[in-house]
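Here are some exercises to work through with the model open beside you. Try each task by yourself before reading its solution.

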Amino acid sequence: NNLSDPTSVANFTEGDQVIVLGSVKDDCDAFQSGGVVSFNLTGDFVNYSCTPTSELGGGFYRCTWDTNGLYSGWYNVTMNSTKSNHYANLSTTSNSSNPGGNLFYLSAKSKFYNATVVPPSEGWGSTFNFSVYHTAPHPNVVSTARLNLSCTSCTPAVNYYFQPPDY
């Protein structure tokens with residue numbers, strides 16, 4: 001197995017579509033088509049399968065890894081190939097010059113989603129419940145957010161900020 005992409009000079013941002021490309025040769029150094037190939041991407045705390053894998057022909061195989069919603073961190077790529085009447089081949093590609101010998105870095109951001117307010121509209125002086133889900137870019141990162149409420153149609157304009165304490 002020979003992994004040709006991604007290379008150790010590439011870094012990615014969450015949301016990128018990462019092309020994973022590799023080739024398979026037998027013990028006589030001949031490219032092999034018709035095999036079953038899988039790619040796994042392993043980070044500090046997670047292991048992802050890159051599916052589906054497509055055969056491009058001439059012994060080359062590829063998949064596109066969707067990084068949406070994934071954790072940031074350093075990753076390695078493992079390529080596994082099998083074919084009838086051939087030995088199985090499992091190889092991990094890494095880079096000793098990167099931290100922990102990892103191949104590439106995926107950068108992720110904190111995300112907010114499913115924002116709601118109850119009730120959706122009421123008059124001045126009513127009590128509102130605001131909620132939003134927040135995810136951290138890494139499982140070992142504590143992430144906080146600042147709440148900013150404003151009323152631009154109020155006279156005078158009202159701005160309220162709440163910064164949670166650091167833990």
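**Exercise 1. An open sheet**

Work out the strand order of the four-stranded open sheet in this predicted model, and find which strands stand at its edges.

*Solution.* Start with the order: the four strands run S1-S3-S7-S6 across the sheet, and their pairing is antiparallel. Next, look at the ends of that order. Strand S1 (2-5) and strand S6 (54-57) each have a single partner strand, so each has one side without a neighbour in the sheet. From one strand to the next, the twist averages 30°.

Now zoom in on one pairing. S3 and strand S7 (residues 60-66) run antiparallel and are joined by seven bridges. To find your place in the register, use Val20, which stands opposite Cys63 in S7.

**Exercise 2. Strand S4 and its partners**

Sort the residues of strand S4 (residues 36-42) by face, then identify the strands S4 pairs with.

*Solution.* Begin with a reminder: in a regular strand, side chains alternate between the two faces of the sheet. In S4, the covered face carries Val37, Phe39 and Leu41, while Val36, Ser38, Asn40 and Thr42 belong to the uncovered one.

Then take the partners in turn. With S8, S4 pairs in the antiparallel sense over seven bridges, and there the bridge partner of Phe39 is Met79. With strand S5 (residues 47-50), S4 is again antiparallel, this time through four bridges; here Thr42 has Asn47 as its bridge partner. The connection from S4 to S5 is a hairpin of four residues.

**Exercise 3. Aromatic rings**

Classify the geometry of the ring pairs Trp65–Tyr75 and Tyr75–Phe104, and place each pair in the chain.

*Solution.* A pair of aromatic rings is described by the distance of the centres and the angle of the planes. The whole structure holds nine aromatic pairs. For Trp65 and Tyr75, the centres are 5.4 Å apart and the planes make an angle of 65°, an edge-to-face arrangement. Trp65 is in strand S7 and Tyr75 in strand S8, so this pair ties together parts that are ten residues apart in sequence. Both Trp65 and Tyr75 are buried.

Move on to the second pair. The ring centres of Tyr75 and Phe104 lie 5.8 Å apart with the planes at 15°, so this pair is stacked. It links distant parts of the chain, since Tyr75 sits in strand S8 and Phe104 in strand S10 (residues 104-107), 29 residues apart. Tyr75 and Phe104 are both buried.

Finally, put the rings together: Trp65, Tyr75 and Phe104 belong to one aromatic cluster with Phe12 and Tyr48.

**Exercise 4. Two acidic residues**

Is Glu14 buried or exposed, and is Asp29 buried or exposed? Describe the surroundings of Glu14 and the partner of Asp29.

*Solution.* Locate Glu14 first: it is in the loop between strand S2 (12-13) and strand S3 (17-23). Its relative accessible area is 15%, so Glu14 is buried. Its side chain reaches the backbone nitrogen of Gly69 at 2.7 Å. Leaving aside neighbours within four places in sequence, the contacts of Glu14 include Thr67, Asn68, Leu70, Leu106, Ser107 and Lys111.

Now turn to Asp29, which at 53% relative accessibility counts as exposed. Side chains of opposite charge can pair when their charged atoms come close. Asp29 forms a salt bridge with Lys25, with 3.4 Å between the closest N and O atoms. Lys25 is partly exposed, at a relative accessible area of 35%. A search of the whole structure finds one salt bridge.

**Exercise 5. The overall picture**

Count the helices and strands, then ask how much of the protein is buried and how far apart in sequence its contacts reach.

*Solution.* The count gives zero helices and 14 strands. Of the 167 residues, 28% count as buried. For sequence range, take the contacts with a separation of 6 or more: residues 24 or more positions apart account for 55% of them.

For one example of distant positions, pick Asn80 in strand S8 (residues 73-82). Asn80 is partly exposed, at 27% relative accessibility. Asn80 and Val24 are 56 residues apart along the chain, and 9.5 Å separates their C-alpha atoms.

Technical notes. Residues are numbered from 1 along each chain as its sequence is written. This is a predicted model: local features need pLDDT of at least 70, side-chain atom pairs count only at pLDDT 80 or more; totals for chains, interfaces and linings use all residues. Side-chain values use heavy atoms; hydrogens and water are left out. Helices (H or I, at least four residues) and strands (E, at least two) are DSSP runs, numbered from the N terminus. Buried means under 20% relative accessible area, exposed over 50%, partly exposed in between (1.4 Å probe, protein chains only). A polar contact is a pair of N or O atoms within 3.5 Å; within protein, one must be able to donate a hydrogen and the other to accept it, and residues adjacent in sequence count only if both atoms are side-chain atoms. Contact means heavy atoms within 4.5 Å. A salt bridge is a side-chain nitrogen of Lys or Arg within 4 Å of a carboxyl oxygen of Asp or Glu. Two strands pair if DSSP finds at least two bridges between them. Axes are lines fitted to C-alpha atoms, for helices over the stretch in contact, and angles run from 0 to 180 degrees between N-to-C directions. Rings of Phe, Tyr and Trp (its six-membered ring) pair if their centres lie within 6.5 Å; planes under 30 degrees apart count as stacked, over 60 as edge-to-face and the rest as tilted.
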